[in-house]
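Thanks for passing this one along. Here are my notes for when you have the model open.

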Amino acid sequence: MNRFRTVALTALPLALLAACSTTATATDDAARRETRELRDRDQITQLVYRLGRALDEGRFDDLRAIYTPDATVRTPGGTAEGRDALIAQARRNHTDAHRIQHFFSNVIVDVHGDSADVRANIVAIFTPAAETPGRVAPEPAFTLGVVYRIDAVRSGEGWSMSRVDMTPQWSTGTRP
């Protein structure tokens, strides 16, 4: 009986330690997955915001770091396939004759491993360019509400947009 007690008392703590170790490993793995997904969502959301900044500020070369080389973009201003074509389209549609400010909201990111589906609301406000430096900008001439649907992919360089599809929901004023 003493021998049984000795074996039982030795084996029980080892069994508990093994069970705790397995539970801790599973918990650690779940925490790592959750942390990675949160980080991915943040990086993709920042990618969406960088798109708005590039368009607002006319930083069209920044689009090279936002889009995949074979990206497709469908906007009210046309459809472009390939990064060079979509950069050219952005330049045509965002001229110095007017200023556009993009407001992004309700960015929803669903990550699926190395790809993600994104939905965002955008309000784009078009204003004629101020003619005199330092002068207050004129009143907006056109405002457009759009839903963006974006496919994002992860590569060795990070997240990029492979497809953007913009669907106008409403507008006011006259488009310049």
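The points below go through the sheet, the core and two individual residues.

1. First, a reminder: this is a predicted model. Its 6 strands make an open sheet with mixed pairing, in the order S2-S1-S6-S5-S4-S3. Strand S2 (78–81) and S3 sit at the edges with a single partner strand each, so one side of each has no neighbour in the sheet. On average, neighbouring strands are turned by 15° against each other, ignoring direction.

2. Have a look at where S1 meets S6: the two pair in the parallel sense over 4 bridges. Val-73 has Val-164 of S6 as its bridge partner. Helix H2 packs on the sheet and touches S1, S2 and S3, with its direction at about 40° to that of S1.

3. Which residues have the most contacts inside the largest nonpolar core? They are Leu-63, Tyr-67, Tyr-148 and Met-161, in a core of 37 residues. Elements giving two or more residues to this core include H1, helix H2 (83–93) and strand S5 (142–155). Tyr-148 also touches residues further off in sequence, among them Leu-51, Phe-104, Ile-122 and Val-164.

4. Asn-106 deserves a check. This residue lies in strand S3 (residues 98–112) and has a positive phi of about 50°, although it is not a glycine. Most residues other than glycine have a negative phi. Asn-106 counts as exposed, at 52% relative accessibility.

5. Asp-61 falls in the loop between helix H1 (2–57) and strand S1 (67–75). With a relative accessible area of 49%, Asp-61 is partly exposed. Its C-alpha atom is 9.6 Å from that of Asp-84, 23 residues apart along the chain.

Note on methods. Residues are numbered from 1 along each chain as its sequence is written. This is a predicted model: local features need pLDDT of at least 70, side-chain atom pairs count only at pLDDT 80 or more; totals for chains, interfaces and linings use all residues. Side-chain values use heavy atoms; hydrogens and water are left out. Buried means under 20% relative accessible area, exposed over 50%, partly exposed in between (1.4 Å probe, protein chains only). A nonpolar core is a set of buried Ala, Val, Leu, Ile, Met, Phe, Trp, Tyr and Cys residues joined through side-chain atoms within 4.5 Å. Contact means heavy atoms within 4.5 Å. Two strands pair if DSSP finds at least two bridges between them. Axes are lines fitted to C-alpha atoms, for helices over the stretch in contact, and angles run from 0 to 180 degrees between N-to-C directions. Lists of a residue's contacts leave out its neighbours within four places in sequence.
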